[in-house]
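Subject: A structure for you to look through

Dear colleague,

I am handing over a structure that I would like you to read alongside the notes below. Please keep the sequence and the 3D view open while you go through them.

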Amino acid sequence: MALADEISVFVDDLGTPKLTVTDGTYRSGVNGVRVYDTGASFDNVEIIPNIYDNFERNMIGWTKYDGSFDARSKQLIASDAFSGKATLDSTFADFIFEGDITLSKAGIGNAGFIFRASNVGNGPDAYNGYYTGIETGGILTLGRANGSWKELARFKLDIRAGQKYHMKIQAAGDVIKVYVDDIGTPKIVFKDATYGRGVVGLRVYQTGAIVDNVRVQNM
């Protein structure tokens, strides 16, 4: 298991690692098998992505679409834009996706996370997938897009520009739970089976945002 700079190696007993080391030299790349001076048989190979990104190495593993994004400050800064999206280069089905988000200004714009998304392009609703976001008007929203927007649920919440909020999304089957700060009690619980798998990422709409400590864990 590789999570951030920690690498754990398990053999047979998947509850207790045989080796655990901390090394951040390489943070992304391909996976495969290797033999040295022998032969081997491999079967049942499974790669389950678990990701932690505090942007110490800029935006490795991300794809940027519309908008402007910069992580040279070791935070992901999304500039104020009519529409901006950046996604991680891995797909997920059932997962926990969380991160810290700060809105850069007050107003009607919102910022948050897209998930189970595909066909991502330029434009505020140019993706097939879900989005949950916050705005300083006091709204946490959950909806889905397929070139147009459909709100599924909303929750009234005191949101202030310049204040950091911890957002968490838990998606398991058709059940979507959205948490803000209190990660023990979801603000939104909604059932929808329209999209079952896709990429995750950041989205801003008519605002800017600062994002940090992004974590995605398969369930």
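A good place to begin is F55, which lies in the loop between β4 and β5. Please bear in mind throughout that this is a predicted model. The phi angle of F55 is near 60 degrees, which is a positive value in a residue other than glycine, and F55 counts as buried because its relative accessibility is 0%. D37 likewise has a phi near 60 degrees, again a positive value in a residue that is not glycine, and D37 is found in the loop between β3 and β4, the latter strand covering residues 51–53. Is D37 buried or exposed? With a relative accessible area of 75%, D37 is exposed, whereas F55 at 0% is buried.

Next come the aromatic rings, for which the count comes to 8 aromatic pairs. One of them joins F92 and F95 in an edge-to-face arrangement, with 6.3 Å from centre to centre and 65 degrees between the planes, and both F92 and F95 are buried. F95 also pairs with F115, and this pair too is edge-to-face, with 6.0 Å centre to centre and 75 degrees between the planes. Because F95 lies in strand β9 (residues 95–103) and F115 in strand β10 (residues 110–118), the pair ties together parts that are 20 residues apart in sequence. F95 has a relative accessible area of 0% and is therefore buried, and F115, at 0% relative accessibility, counts as buried as well. If you follow the ring pairs onward, you will find that they link F92, F95, F115, Y130 and Y195 into a cluster.

The charged residues deserve a slow look, and it may help to recall that side chains of opposite charge can pair when their charged atoms come close. How many salt bridges are found in the whole structure? The search finds 9 of them, among them the one between K85 and D66, whose closest N and O atoms are 3.3 Å apart. K85 lies in strand β8 (residues 84–92) and D66 in the loop between β5 (62–64) and β6 (69–70), so this salt bridge ties together parts that are 19 residues apart in sequence. Both K85 and D66 are buried.

Two further salt bridges can be set beside that one. R72 forms a salt bridge with D70, the closest N and O atoms being 2.5 Å apart; here R72 counts as exposed at 69% relative accessibility, while D70, at 27%, counts as partly exposed. R154 forms a salt bridge with E151, with the closest N and O atoms 3.1 Å apart, and E151 counts as partly exposed at 34% relative accessibility.

K168, in strand β14 (residues 164–172), is a case to compare with these. K168 is buried yet has no salt bridge, and the nearest side chain of opposite charge, that of E98, is 5.8 Å away. Why does that distance not count as a salt bridge? The reason is that a side-chain nitrogen of Lys or Arg has to be within 4 Å of a carboxyl oxygen of Asp or Glu. Leaving aside neighbours within four places in sequence, K168 is in contact with I96, F97, E98, K177, V178, Y179 and I183.

Y127 brings us back to K85. Y127 sits in the loop between β10 and β11 (128–135), and Y127 is buried, with a relative accessible area of 1%. Not counting residues up to four places away in sequence, Y127 touches a set of residues that includes K85, I114, A117, W149 and R203. Y127 and D43, by contrast, are 36 Å apart in space from C-alpha to C-alpha, and 84 residues apart in sequence.

Last comes the surface, where I7, V9, V11, L19 and V21 make a nonpolar patch of about 400 Å². The elements that give two or more residues to this patch are β2 (6–9) and β3 (19–22). V9 has its place in strand β2 and is partly exposed, with a relative accessible area of 37%.

With best wishes

Definitions and conventions:
Residues are numbered from 1 along each chain as its sequence is written. This is a predicted model: local features need pLDDT of at least 70, side-chain atom pairs count only at pLDDT 80 or more; totals for chains, interfaces and linings use all residues. Side-chain values use heavy atoms; hydrogens and water are left out. Patches are made of residues with over 30% relative accessible area and no salt bridge: like charges are joined within 9 Å, nonpolar side chains (Val, Leu, Ile, Met, Phe, Trp, Tyr) within 5 Å. Accessible areas come from the Shrake-Rupley method with a 1.4 Å probe; for residues, only the protein chains shown count as cover. Helices (H or I, at least four residues) and strands (E, at least two) are DSSP runs, numbered from the N terminus. Buried means under 20% relative accessible area, exposed over 50%, partly exposed in between (1.4 Å probe, protein chains only). Lys and Arg count as positive and Asp and Glu as negative; His and the chain ends are not counted. Contact means heavy atoms within 4.5 Å. Rings of Phe, Tyr and Trp (its six-membered ring) pair if their centres lie within 6.5 Å; planes under 30 degrees apart count as stacked, over 60 as edge-to-face and the rest as tilted.
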